[in-house]
Protein chains: 2
Amino acid sequence: MKIGIVGAGAWGTACALAALRGGNDVTMWARNPILAKEISEKHENTQYMAGLKLDPVPEMTSNLSDLAKMSALLMVTPAQALRQNLKDLKPYIAPETPLILCSKGIETGTGMLLSEVVEDVLPTQKIGILSGPSFAKETIQNRPTAVTLAMENKKDGLLMMKTLGSAYFRPYLCTDIIGAQIGGAVKNVMAIACGIAHGRALGENARAALITRGLAEITRLGIAMGGKLQTLMGLSGLGDLALTCNSLESRNMSFGYKLGKGQTVKEILSQRKAVTEGFYTTTAVLSRAKSLGVDMPICRVVDQILNENYDIDEAMENLLNRPFSLE
Amino acid sequence: MKIGIVGAGAWGTACALAALRGGNDVTMWARNPILAKEISEKHENTQYMAGLKLDPVPEMTSNLSDLAKMSALLMVTPAQALRQNLKDLKPYIAPETPLILCSKGIETGTGMLLSEVVEDVLPTQKIGILSGPSFAKETIQNRPTAVTLAMENKKDGLLMMKTLGSAYFRPYLCTDIIGAQIGGAVKNVMAIACGIAHGRALGENARAALITRGLAEITRLGIAMGGKLQTLMGLSGLGDLALTCNSLESRNMSFGYKLGKGQTVKEILSQRKAVTEGFYTTTAVLSRAKSLGVDMPICRVVDQILNENYDIDEAMENLLNRPFSLE
């Protein structure tokens, strides 16, 4: 198949290589023509994945019109840019072209899941969700990666699973496109919490408790939004949470870690090229949870620390020393 | 309350300190009188937790008869020693004294959960399960630790929760004593699998997939044995799994890691003082799963590697590259 990749960040590059290894023709769009040219010539994404040889390497473009003839598009731009990207793409995509959403997050302001943003801008488009525990670097290196692929229509899903899958990139299929987005959006907030705990040297026991409670929060929210428990306990939920909360390679975890070590939000964000989704997602997650009557104490504490200037030690203490209760 | 701790290993010592911080009189029994004396005099468990000052420090004994007047006993000897310990204790405990099982594992040979071993030897005893993500060292250091405490009778459970809990040691109560044991017993097998993957440098994505699939296996087995999903998703299930599979401080994970690096089972075990529960548990878990008709592919692969001389790379490849399927 002809696969278009919209976005040439770290994960976009990884998706491009996965699609190439699945035996497809792959064209990756980079907003920046210099980056597009560089990837083509140097077989390296110097901006987002420097030092890693890309093998194989996709066709590169910086013209959205080059994506017009694709059989499917993988959307891998930052969550907050999706709406504008879709508007820009609109003239070039047929209504039957599936859009596979590979970014994670919730649109701030509207609180929408990314599938809801697509439904808003391109209401007739087929939607897929690709999400799971996947550091881009490892996928690029062709190390084993298993992800959830969700499409409402099972037949579409099966086709896409076979298209994108290869020996070491394993999509597992489900039809729960709502559930498959919750983990990816909310785990970044949990990763910030775990990073803060780590920065404050609270220990591994505390972190494991946060992960457990974190999945409980994710599950409560996901089910209230119409997702399924099984999806939330799967690769896109628990899997992604376990990965993100256990490695300082995760941007959100390292963001929390630096906060825990005493840096300010402003300082940390000013040092970064790549987007720290969790920072933007926290408030959106909380307001969505509130409207559904779902309690999310860890998200609330992260929001208090990020946006309300709460003292970190006091906030974490409140979280970890809640009254004795039933599990 | 007067609390007796049976076993003076790393976790026994941690339980003793937690009980002391809960405001109780605590007596810890060590089989070895030299160790008992040493802990009393040096305020340090030189054998199992060298270099860590114990503050506070429990009363020490090596006579089981000193445990006769306790209001509750915490059982913290290795799983495979429990049956003999219970027989030895029998003359000294009243039938109403609760036994809180703090060790993790399954009895080899019988395939029994530890609560089932108690029912076998001391059928009238009240049973509690204390289990969750808890490195002994951190609990001794009074860093935040949250665990599941399961007792069938809620009133008994509430009393024990208040007795053992303190500011940084937080037991969460449930009544599911079966479910609360499954995670602790099986996670050691999963940790060996994750250790092997880590030793083979398969990457973080693969490890997160193993953790996710691992919880699915634990959950299938737990529910077939009569446990509850909520317990398995809680601190004693997911929490303990997440902790154990993400740190080389875990004995089982480091055991797998060394296997992955090419050492043999025999070499690794001969270098160790402390028990590697997972090594003994794997076969017992599998035979129990088989009798219940539960599929546990990760456990099976670990068993093949440990006990059937399977090639590690081939076995892991079979596990990670299973056919495309539904999640």
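**Exercise 1. Helix 7 and helix 14 of chain B**

Determine how helix 7 of chain B and helix 14 of chain B are oriented relative to each other in this predicted model, and which residues make their contact.

*Solution.*
Step 1. Two packed helices are described by the angle between their axes and the distance between the axes.
Step 2. For helix 7 (residues 179-199) and helix 14 (residues 297-307) of chain B, the axes come within 9 Å and cross at roughly 65°.
Step 3. Angles of 65 to 115 degrees count as roughly perpendicular. Helix 7 and helix 14 of chain B are therefore roughly perpendicular to each other.
Step 4. The crossing of these two helices is left-handed.
Step 5. On the side of helix 7 of chain B, the contact is made by B:Val186, B:Val189, B:Met190, B:Ile192, B:Ala193 and B:Ile196. Helix 14 of chain B contributes B:Ile298, B:Cys299, B:Val302, B:Ile305 and B:Leu306.
Step 6. Sorted by class, the residues of this contact are 11 nonpolar, no polar and no charged.

**Exercise 2. Helix 8 and helix 10 of chain A**

Describe the packing of helix 8 of chain A against helix 10 of chain A, and state how the residues of the contact divide by class.

*Solution.*
Step 1. Helix 8 (residues 204-224) and helix 10 (residues 235-244) of chain A have axes 11 Å apart and pack at an angle of about 150°.
Step 2. Angles over 145 degrees count as roughly antiparallel. Helix 8 and helix 10 of chain A are therefore roughly antiparallel to each other.
Step 3. Their crossing is right-handed.
Step 4. From helix 8 of chain A, the residues A:Ile211, A:Gly214, A:Leu215 and A:Ile218 meet A:Gly237, A:Leu238 and A:Leu241 of helix 10 of chain A.
Step 5. This contact has five nonpolar, two polar and no charged residues.
Step 6. Turn to chain B. There, helix 8 (residues 204-224) and helix 10 (residues 235-244) pack at an angle of about 150°, with axes 11 Å apart, and their crossing is right-handed.

**Exercise 3. The relation between the two chains**

State which operation lays chain B on chain A, and characterise the surface through which the chains meet.

*Solution.*
Step 1. Two copies of a chain are related by a rotation about an axis and a shift along it.
Step 2. A turn of 180° with a shift of 0.0 Å along the axis lays chain B on chain A, with an RMSD of 0.0 Å. The two copies are thus related as by a two-fold rotation axis.
Step 3. Of the interface residues of chain B, 100% are also interface residues in chain A, so the copies meet through the same surface.
Step 4. In this interface, 53 residues of chain B are in contact with 53 residues of chain A.
Step 5. The chains bury about 4,700 Å² between them, and 57% of this area lies on carbon and sulfur atoms. B:Asn205, B:Phe324 and B:Glu327 supply 18% of the area that chain B buries against chain A, more than any other three residues.

**Exercise 4. Backbone features in a loop**

Locate the cis peptide bond between A:Asp55 and A:Pro56, and examine phi of A:His43.

*Solution.*
Step 1. The bond joining A:Asp55 and A:Pro56 is cis, with omega about 5°.
Step 2. A:Pro56 belongs to the loop between helix 2 (33-42) and strand 3 (59-61) of chain A.
Step 3. A:His43 is also found in the loop between helix 2 and strand 3 of chain A. Phi of A:His43 is near 55°, a positive value in a residue other than glycine.
Step 4. In chain B, the peptide bond from B:Asp55 to B:Pro56 is cis, with omega near 5°.

Conventions: Residues are numbered from 1 along each chain as its sequence is written. Chains are lettered from A and ligands numbered from 1 in the order in which they are written. This is a predicted model: local features need pLDDT of at least 70, side-chain atom pairs count only at pLDDT 80 or more; totals for chains, interfaces and linings use all residues. Side-chain values use heavy atoms; hydrogens and water are left out. Copies are superposed by least squares on the C-alpha atoms of residues with pLDDT of at least 70 in both. Contact means heavy atoms within 4.5 Å. Axes are lines fitted to C-alpha atoms, for helices over the stretch in contact, and angles run from 0 to 180 degrees between N-to-C directions. Helices (H or I, at least four residues) and strands (E, at least two) are DSSP runs, numbered from the N terminus. Angles under 35 degrees count as roughly parallel, over 145 as roughly antiparallel, 65 to 115 as roughly perpendicular and the rest as oblique. A crossing is left-handed if the near helix is turned anticlockwise from the far one by less than a right angle, and right-handed if clockwise. Ala, Val, Leu, Ile, Met, Phe, Trp, Tyr, Cys and Pro count as nonpolar, Asp, Glu, Lys and Arg as charged, and the others, Gly among them, as polar. Buried area is the accessible area (1.4 Å probe) that two parts lose on being put together, summed over both.
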